[in-house]
Amino acid sequence: MAATLNEPQFVHFSRHQVDYTVHDVKWVPSSARIVVLGQHPRGQGALEVFKLDKQAQLSSQVRHTYKNGFKCGTFDASPLTDRDVACGDFAGHMTVWDLERLDAGPKYLTTKHRGVINCIAGIGGGEMDPAVSGAPEIATGGDDGCVRVWDIRQKHDPVVVLSPTDQGDATSSPLVWSLAFGGATSPRERTLTAGYDNGDIKFFDMRNGKVYHTTNLANGVTGLAFDAPDIEPNKLLVSTLQGHVLAADMQTFSAEQGGYAAVDEQFASKCTVWRATPMPQERDVFASAGGDGRIRLHSYHYPAQRSRQTDDGATVGVAGSIKTWHDLLVSDQPVASFDWHGRKRGLCAWGAYDQSVSVGAVVHVDKLISAAGKPLKKAKKAKKAKKASPEEPE
């Protein structure tokens with residue numbers, strides 16, 4: 001999709017070729033660095049730290065090789081004073097790493113999963129205050145069909161295990177492909193969603209330790225993301241196989257409606273959408289990463305009313321709409337990872353299966369916001385934790 005120079009669009013700054021398969025890319029919080037996680041041809045793990053310089057070019061700062069290939073990572077359970085990255089690997093291990101002491105090995109190691117850990121999610125770290133949002137926790141999901149939640153203050157054993165048999169399904173075990181935390185508005189309140197290869201999405205009430213809703217999309221769920229994790233659940237972004245991106249309005253749950261109202265957009269190419277990731281500073285703007293080698297820029301537009309009364313008096317949700325502003329071809333292989341910078345609006349990084357990692361930015365973000373109409377009043381965020389010494393990109 002072509003865009004004129006004064007319209008919202010991606011600008012590709014820097015591309016760096018590596019010698020391993022890139023599975024995940026994450027910005028180091030409050031810094032000009034990114035962590036790239038992947039797997040070497042012989043199955044060893046690659047963890048590499050790049051820095052973005054003032055000329056918007058990437059340079060490698062640290063390389064580390066681990067015995068197992070890395071599949072996914074998150075900083076979301078680590079405070080800014082530490083900025084440790086939690087990783088899931090192809091051997092079913094979850095490890096936590098201090099980027100300043102990689103040669104010392106992982107600070108934390110678990111081996112409870114059987115098979116690949118496909119996805120990882122964190123909560124309670126970054127600028128979130130544990131006194132408000134609760135203790136930091138890490139969730140992992142894998143090929144064994146299990147979701148495990150970890151408190152790294154407790155060695156080795158998960159604090160919660162959600163297995164196929166726990167969910168009433170002892171005969172089959174769908175793979176867990178995606179996870180997302182949300183609703184962390186108090187130390188006891190948080191929601192965890194899990195997406196599976198059979199199209200299931202399960203909503204877990206972490207306070208009560210049970211599944212409160214299950215739905216099926218008939219397409220494998222490759223990505224999940226709440227538009228903000230530390231407010232009352234507002235929107236849930238879902239990406240799937242065969243080119244679908246959904247935005248579910250989480251404000252109104254209706255059993256008569258089958259759960260939450262959602263808008264479903266499908267790309268013409270019907271490629272796998274590996275990620276749908278909201279911009280932290282503007283949560284009605286999000287990007288998607290496609291199996292066709294393209295990244296796309298979208299905005300969500302709220303309806304005039306987010307709920308309505310049916311003839312029999314029930315309250316049901318009303319979904320909004322999704323507008324695609326720009327798509328940019330960045331690779332001849334799938335783009336499987338994408339991450340926004342936590343503080344610099346529009347700055348982003350992505351990784352592709354052509355063994356490349358890139359950095360870019362979205363320009364004219366204000367036009368995205370004004371086009372969506374009057375934005376909702378933002379919910380009160382959790383208090384910010386004490387900041388580490390920042391090294392912001394200029």
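# Worked exercises on a predicted model

Phe70 and Trp97 are both buried (under 20% relative accessible area, where over 50% is exposed and anything in between partly exposed; 1.4 Å probe, protein chains only). The model is predicted: local features need pLDDT of at least 70, side-chain atom pairs count only at pLDDT 80 or more, and totals for chains, interfaces and linings use all residues. Residues are numbered from 1 along each chain as its sequence is written, and side-chain values use heavy atoms, with hydrogens and water left out.

## Exercise 1. Confidence

Find the average pLDDT of the protein chain and the stretch where pLDDT is below 50.

Solution.
- Start with the scale: pLDDT is the predictor's confidence in each residue, from 0 to 100.
- The chain averages 89, and 91% of the residues score at least 70.
- Residues 374–390 fall below 50.
- Beyond near neighbours in sequence, this stretch has 33 contacts in the model (heavy atoms within 4.5 Å).
- Where pLDDT is low, the predicted coordinates should not be read in detail.

## Exercise 2. Aromatic pairs

Classify the ring pairs Phe70–Trp97 and Phe203–Tyr260.

Solution.
- Take the criteria: rings of Phe, Tyr and Trp (its six-membered ring) pair if their centres lie within 6.5 Å; planes under 30 degrees apart count as stacked, over 60 as edge-to-face and the rest as tilted.
- The whole structure holds 11 aromatic pairs.
- For Phe70 and Trp97, the centres are 6.1 Å apart and the planes stand at 85 degrees, so this pair is edge-to-face.
- Phe70 lies in strand E6 (residues 70–74) and Trp97 in strand E8 (residues 94–97), so the pair ties together parts 27 residues apart in sequence.
- Strands (E, at least two residues) and helices (H or I, at least four) are DSSP runs, numbered from the N terminus.
- For Phe203 and Tyr260, the centres are 5.6 Å apart and the planes are at 50 degrees, so the pair is tilted.
- This pair links distant parts of the chain: Phe203 in strand E16 (residues 200–205) and Tyr260 in strand E21 (residues 259–266), 57 residues apart.
- Phe203 and Tyr260 are both buried.

## Exercise 3. The sheet around E30

Give the strand order of the open sheet that contains E1, and identify its edges.

Solution.
- Two strands pair if DSSP finds at least two bridges between them.
- The order is E1-E30-E29-E28, 4 strands with antiparallel pairing.
- Strand E1 (9–17) and E28 each have a single partner strand, so one side of each lacks a neighbour in the sheet.
- The twist averages 25 degrees from one strand to the next (axes are lines fitted to C-alpha atoms, for helices over the stretch in contact; angles run from 0 to 180 degrees between N-to-C directions).
- E1 and strand E30 (residues 356–363) are joined by 8 bridges.
- Phe10 stands opposite Val362 in E30.
- Phe10 also belongs to one aromatic cluster with Phe338, Trp340 and Trp350.

## Exercise 4. Nonpolar cores

Name the residues with the most contacts inside the largest nonpolar core, then the elements that supply it.

Solution.
- A nonpolar core is a set of buried Ala, Val, Leu, Ile, Met, Phe, Trp, Tyr and Cys residues joined through side-chain atoms within 4.5 Å.
- The largest core has 19 residues, and Phe10, Leu297, Phe338 and Trp340 have the most contacts inside it.
- At least two residues each come from strand E23 (285–290), E24, strand E28 (335–340), strand E29 (347–352) and helix H2 (365–371).
- Another core lies apart from it, with 17 residues including Cys119, Leu162, Leu192 and Ala194.

## Exercise 5. The E22–E27 sheet

Work out which strands stand at the edges of the open sheet E22-E23-E24-E27.

Solution.
- The sheet has 4 strands, paired antiparallel.
- Strand E22 (273–278) and strand E27 (321–329) each have a single partner strand, so one side of each is left without a neighbour in the sheet.
- Neighbouring strands are turned by 20 degrees against each other on average, direction ignored.
- E22 pairs with E23 over 5 bridges.
- Pro278 has Phe286 in E23 as its bridge partner.

## Exercise 6. The E14 hairpin

Decide how far strand E14 is enclosed, and describe its pairing with E15.

Solution.
- In E14 (residues 176–186), 8 of the 11 residues are buried, so the strand is largely enclosed by the rest of the structure.
- E14 pairs antiparallel with strand E15 (residues 189–196) over 7 bridges.
- The two form a hairpin with 2 residues between them.
- Gly182 stands opposite Thr191 in E15.
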